Amino acid sequence: MKIVSWNVNSIKARGEHVKRYLKEEFPDVLMLQELKGLDFPAGDFKTLGYESAYVPQKAYNGVAILSKHPMIVIHEALPGDETDEQARYLEVDITGTRMIAIYLPNGNPAPGPKYEYKLAWMERLYARLKALRNEDHAFLIGGDFNVIPEDKDCYAPDKWIEDALFRIETRKPYRSLINLGLTDAFRVFDTRDQQYSFWDYQAGAWQKNNGIRIDHFLLSPTLADRLESCRINKDPRGWDKPSDHTPIEIILQEKAAA
DNA sequence: ATGGTCGTGTGACGA
């Protein structure tokens, strides 16, 4: 089972890119972030064989999950704050596996109210994942975490040290998610530095490979045991009019027969 | 480099 996460930076601007990707890679599940608008081309994806669940918002944010298999929506918002209006969380069940797509807040500038929102959001996420773990629920979470886990996940750590994506107050709660017993799928197979999922549009960042690794999949223990591969697919970042992010792809072994 | 680039929706703001 192939599961992918991709921050597309507007589904309106990147609809054709997503369709091309589905036709070339035929993932079972595709998580999308930063839809950046209320419109969503569910009909186009249906034609290609995908069911859609999406949580849109005007102009900003927005997450979706496309699935070849039957999908049941569990939560369309991160529990823990009824006043939070931002479209950043979608939790579904696909053939008995819980799957969560997130667009974690960026948090810049830090310090400031946006950063406080990010840290509070991470606390709520921790509570949600801890609850799933305590229920012994098999789950995976993918998306744009807006967290650079380690020095080797950015091109120049000294330039990022005060940034909301890399500050120690950000990395600490990310580590707490890992410490729930979750596995960073990418690091199971690849310990190299300079393996990035995002390159800024500015200053020739892509050409110079000045990137950061901020798109992740975290797996609960039974799913980590089924993990066959994880790779960052850099091809779509090189397409015409690309997103500033590129897809991260995992493959899980099929469940053993009951 | 005290720049630089995209996207939304049409003027700033977010990343």
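Let's start at W6, which stands opposite L32 in strand β2. This pair belongs to a longer ladder: strand β1 (residues 2-7) and β2 run parallel to each other, joined by 5 bridges. Keep in mind as we go that the model is predicted.

How many of the residues of β2 are buried? Strand β2 covers residues 29-33, and 5 of the 5 are buried, so this strand is largely enclosed by the rest of the structure. In a regular strand, side chains alternate between the two faces of the sheet. In β2, V29, M31 and Q33 point one way while L30 and L32 point the other way, and all of them are buried.

Now let's move along the chain to a second sheet. Here 6 strands form an open sheet of mixed pairing, and their order is β5-β6-β7-β8-β12-β9. Its edge strands are β5 (71-75) and β9, each of which pairs on one side only.

Within this sheet, β12 deserves a closer look. Strand β12 spans residues 215-219, and 5 of the 5 residues are buried, so the strand is largely enclosed by the rest of the structure. Which residues cover its two sides? On one side D215, F217 and L219 are buried, and on the other H216 and L218 are buried too, which leaves both faces of β12 covered.

The neighbours of β12 are easy to trace. Strand β8 (residues 139-144) runs antiparallel to β12, and 5 bridges join the two. One of the positions to look for is D144, whose bridge partner in β12 is D215. Strand β9 (residues 183-184) is also antiparallel to β12, with 2 bridges between them. There, T183 stands opposite L219 of β12.

From β9 and β12 we can step to a helix that leans on both. The buried residues of α5 pack against α3 (113-134), β9 and β12. Helix α5 itself runs over residues 168-178, and its buried residues are T170, R171, Y174, L177 and I178. Looking down the axis of α5, these buried residues fall within an arc of 105°, so they line one face of the helix. An α-helix has 3.6 residues a turn, so residues three or four places apart point the same way. What does the face of α5 turned away from the buried side carry? That face carries the exposed residues I168 and K172.

T183 also gives us a way to reach a remote part of the chain. S52 is 131 residues from T183 along the chain, and their C-alpha atoms are separated by 27 Å. S52 sits in strand β3. Is S52 buried or exposed? It falls in between: S52 is partly exposed, with a relative accessible area of 22%. Leaving aside residues up to four places away in sequence, S52 touches F40, A42, F45, I65, L66 and M71.

A little further on is Q57, in the loop between β3 (51-55) and β4 (63-67). Although this residue belongs to a loop, Q57 is buried, with a relative accessible area of 17%. A polar atom of the Q57 side chain lies 2.8 Å from the backbone nitrogen of A87. Beyond residues up to four places away in sequence, Q57 touches K36, G37, L38, E85, Q86 and A87.

Finally, let's turn to the DNA. Of the 15 residues around DNA strand B, those that come nearest are S10, R14, N106, K114 and Q202. Sugar and phosphate make up 70% of the atoms of DNA strand B that come within 4 Å of the protein. You can follow this backbone side of the strand through individual pairs of atoms. A polar side-chain atom of R14 is 3.0 Å from a phosphate oxygen of DNA strand B. For K114, an N or O atom of the side chain lies 3.2 Å from a phosphate oxygen of DNA strand B. In the case of N106, a side-chain N or O atom lies 3.5 Å from a sugar or linking oxygen of DNA strand B.

Which element gives the most to the surface near DNA strand B? Helix α1 (residues 11-25) does, with 3 residues. By residue type, the surface near DNA strand B divides into 6 charged, 5 nonpolar and 4 polar residues.

Technical notes
Residues numbered from 1 in each chain as written. Chains lettered and ligands numbered in written order. Predicted model: local features only at pLDDT ≥ 70, side-chain atom pairs only at ≥ 80, totals over all residues. Heavy atoms only, no water. Buried < 20%, exposed > 50% of the residue type's maximum accessible area, 1.4 Å probe, protein only. Helix = DSSP H or I, 4+ residues; strand = E, 2+ residues; numbered from the N terminus. Pairing = 2+ DSSP bridges. Near = heavy atom within 4 Å. Polar contact = N/O pair within 3.5 Å; in protein donor to acceptor, adjacent residues only side chain to side chain. Nonpolar A, V, L, I, M, F, W, Y, C, P; charged D, E, K, R; others polar. Arc of directions from axis to C-beta. Contact = heavy atoms within 4.5 Å.
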